[in-house]
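Here is a brief report on a protein model for computational work. It starts with strand pairing, then turns to the core, a loop and confidence.

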Amino acid sequence: MKSIVSHFFVLLNLSFAMSLLLLINTAMAENGISIVDPYVRAVPPGQTVSAAFLQIENSTDKVRFIVNAASPVSRVVELHSHVHEDGMMKMRKVEAIEIPAKGKTVLKPGGLHIMLIDLHDKLEIDQKVAITLEFKDGSQQSIEAPVRKIIMPGMMK
Ligand SMILES: [Cu+2]
């Protein structure tokens with residue numbers, strides 16, 4: 001009889017653990033935003049601006065917007081896009097970066113990016129740069145983006 005009772009408790013504990021797991025999963029699904037492959041462009045010594053790139057996936061059925069970003073490595077962080085103007089690629093500050101419902105937005109060289117302006121220190125290769133993204137609904141997501149050497153498209157002929 002005693003063993004049946006203890007068995008019952010083991011089962012109870014198991015189901016408790018499983019419902020906890022379920023809760024954690026739900027919490028993750030609620031945010032629904034995954035950041036894939038973030039990185040920051042390495043810059044030559046003395047250059048005080050750089051940019052961060054990443055892919056953002058939105059698994060929810062609601063459109064999401066990044067409205068702000070912050071990082072301890074630079075004084076100013078802005079959301080930028082590239083536009084063609086007078087035959088030249090120019091950067092423009094944008095108010096928000098949209099991630100469509102059940103969709104994905106790619107921040108990449110020559111396109112959307114997170115601009116790091118007025119770097120406090122030089123960036124080392126493989127250094128992890130902390131970036132906090134702020135969404136329109138007030139939620140925040142922090143990521144760590146390693147510094148990588150990349151070649152800007154359009155700069156090589
Ligand atoms: Cu820029």
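Strands S9 (128–135) and S10 (140–148) pair in the antiparallel sense over 7 bridges. Two strands count as paired if DSSP finds at least two bridges between them. Strands themselves are DSSP runs of E with at least two residues, helices are runs of H or I with at least four residues, and both are numbered from the N terminus. Within this pair, Val129 stands opposite Ala145 in S10. The two strands form a hairpin with 4 residues between them. In the turn, Gly138 has a positive phi of about 95 degrees.

This is a predicted model: local features need pLDDT of at least 70, side-chain atom pairs count only at pLDDT 80 or more, and totals for chains, interfaces and linings use all residues. Residues are numbered from 1 along each chain as its sequence is written.

The protein has 1 helix and 10 strands. The helix comes at the N terminus, and the strands follow, as the order α-β-β-β-β-β-β-β-β-β-β shows.

S10 also pairs with strand S1 (residues 33–41), in the parallel sense, over 2 bridges. There, Val40 has Val147 of S10 as its bridge partner.

Strand S2 (49–58) has several pairings. They are set out below, with one residue pair for each.

| Pairing | Sense | Bridges | Residue pair |
|---|---|---|---|
| S1 and S2 | antiparallel | 6 bridges | Val36 opposite Gln55 |
| S2 and S8 | antiparallel | 4 bridges | Ala52 and Ile114 |
| S2 and S7 (residues 104–107) | antiparallel | 4 bridges | Glu57 and Lys104 |

How many of the 10 residues of S2 are buried? The count is 7, so S2 is largely enclosed by the rest of the structure. A residue is buried if 20 or more other C-beta atoms lie within 10 Å of its own, exposed if 12 or fewer, and partly exposed in between, with C-beta atoms placed from the backbone. Over the protein, buried residues make up 19% of the 157 residues.

The largest nonpolar core has 22 residues. Such a core is a set of buried Ala, Val, Leu, Ile, Met, Phe, Trp, Tyr and Cys residues joined through C-beta atoms within 7 Å. Its largest share, 5 residues, comes from S2. Ala52, Ile114 and Val129 have the most contacts inside this core. Not counting residues up to four places away in sequence, Ile114 touches Ala51, Ala52, Ala69, Val77, Leu79, Leu107 and Ile131. Two residues are in contact if their C-beta atoms, placed from the backbone, lie within 7 Å.

Now to the loop. Asp61 lies between S2 and strand S3 (64–70). Asp61 is exposed, because 8 other C-beta atoms lie within 10 Å. Leaving aside neighbours within four places in sequence, Asp61 is in contact with Ala101 and Lys102. Asp61 and Ala101 are 40 residues apart in sequence, yet 4.6 Å apart in space, C-alpha to C-alpha. For the protein, 67% of contacts between residues at least 6 apart in sequence join residues at least 24 apart.

Last, confidence. The mean pLDDT, the predictor's confidence in each residue from 0 to 100, is 86, and 77% of residues reach 70 or more. Confidence is highest in strand S6 (residues 97–99), at 98, and lowest in helix H1 (residues 2–31), at a mean of 57. Over residues 24–29 the pLDDT is below 50, and this stretch has 0 contacts in the model beyond near neighbours in sequence. Where pLDDT is low, predicted coordinates should not be read in detail.
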